[in-house]
Amino acid sequence: MSLDDIKRIAISTGGGDAPGLNAVIRGAVLSAINKGWEVYGIRDGYNGFLFPERYPDGGLERLTEKKVEGITHLGGTIIGTTNKGNPLRFPIQDKDGNWKEIDRTDEIVAAARRKEIDAVIAIGGDGSLEIAGVLADKGLRVVGVPKTIDNDLEKTVITFGFDTALSFATECIDRLHSTANAHQRVMVVEVMGRYAGWIALECGISSDSHVILIPEIEYDMEKVAEKILEREKDGHKHSIVVVAEGAKPKEGSVSIVSSELGRKEVLGGIGEKVAHEITKLTNKETRSIVLGHLLRGGSPSAFDRLLSLRFGAAAVRALCEGQQGIMVALDPPKVNYVPLKEATSRMKAVDLDCDIMRTARELGISFGD
Ligand code: F6P
């Protein structure tokens, strides 16, 4: 297929939503329309292709200039998303009632061909971009856009959604300081991030928190208690402890709420466990709060809006330049293209020697180690 053959493209948003998805859609739609292309949104990840019968519009929605008007500031995604039923590991029941996982990506490629879609812009995190890589290997022209509040994708300095989540978490903790101080309590704040500690680390530092527990460092509760009691001795009667949902104690395990076939396990509950331990070890009144999905909702920050619009426009530019099987990535001041496989081959964990970590330690923040 030559470049001039691109006439119709489709956009998919997959995995957990992140602030900025609609801005990426707008950036891509307006740029594509400017090239004379038609643009469609695939409903709910790839469900529009895999289950067209469920949708009155057959699973594909035409995205016009009007449809994307005034959506840059909106959270969520106007075309829907899902983090269930990964088409690479789709759960089905065999005739004996046993569950197994099958690969349904051939069906996505076939649906795209049937619907005369010449290229797909896949907006997603590690899971969705892994699917995008397989679709590209199977001959579909695909360009990925890195989304996730967790910021755990390699090869891009930042993913869109992270800045908004970070700013909101910081604001929430700012508010917790005064109530913790008034009651001389310890407040434990659990934040999302899966197995990467970026949100916890950066909101913890930005909000003057005293202890930060991240998945990259197994924590020791005795050390956490020591820090709180040390503060107490110095006359500071309240403490703030930020816990990443994927953090785990030395010789302990990650706190999992549920795990199902065809989707990632749901993490949660570590904040409450840490709070309980703190009360036991320090005798201080402790409360825990889970910020959870609040970090994914709401309007994207100006930074995320701009980055998302840039990513959307860059995805269309990449297609025009004949790129495929790549992800657009921020490499300031440019937006670059990197092979999808490089972006998803491993998770971007917090580098324990990075400047942000060193700063935190120099500020006296404890990591429970
Ligand atoms: O990957 C984004 C994320 O928000 C993680 O931080 C979190 O663990 C997960 O998604 C939650 O997913 P769900 O929406 O299924 O609860």
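**Around the ligand**

In this predicted model, the ligand has ten neighbours to get to know: Asn83, Ile149, Asp150, Met192, Gly193, Arg194, Glu245, Arg263, His293 and Arg296. Sorted by character, this shell comes out as five charged residues, three polar ones and two nonpolar ones. Ile149 and Met192 count as the nonpolar pair, while Asn83, Gly193 and His293 make up the polar group. That leaves Asp150, Arg194, Glu245, Arg263 and Arg296 on the charged side.

Some of these neighbours reach the ligand through polar side-chain atoms. For aspartate 150, an N or O atom of the side chain sits 2.7 Å from a ligand oxygen. Histidine 293 places a polar side-chain atom 2.9 Å from an oxygen of the ligand, and for the side chain of asparagine 83 the corresponding N or O atom is 3.0 Å from a ligand oxygen. On its own, the ligand would expose 400 Å², and the protein buries 83% of that area. As for where all this happens, the ligand takes up the space of the largest pocket.

Zooming out, the protein is assigned two domains: domain 1 (3-160 + 300-344) and domain 2 (165-296). Their centres, taken over C-alpha atoms, are 33 Å apart. Where the two domains touch, domain 1 puts in 19 residues and domain 2 puts in 13. The ligand's shell is a shared affair too, with at least three residues coming from each of the two domains. Asn83, Ile149 and Asp150 fall within the bounds of domain 1, whereas Met192, Glu245 and His293 are among those within domain 2.

Notes:
Residues numbered from 1 in each chain as written. Predicted model: local features only at pLDDT ≥ 70, side-chain atom pairs only at ≥ 80, totals over all residues. Heavy atoms only, no water. Near = heavy atom within 4 Å. Polar contact = N/O pair within 3.5 Å; in protein donor to acceptor, adjacent residues only side chain to side chain. Areas by Shrake-Rupley, 256 points an atom, 1.4 Å probe, with all protein chains shown as cover. 1 Å grid on protein atoms, 1.4 Å probe; cavity = no way out; pocket = protein on both sides within 12 Å on 5 of 7 lines; lining within 4 Å. Sits in = over half its atoms within 2 Å of the grid points. Domains from an automatic or database assignment. Contact = heavy atoms within 4.5 Å.
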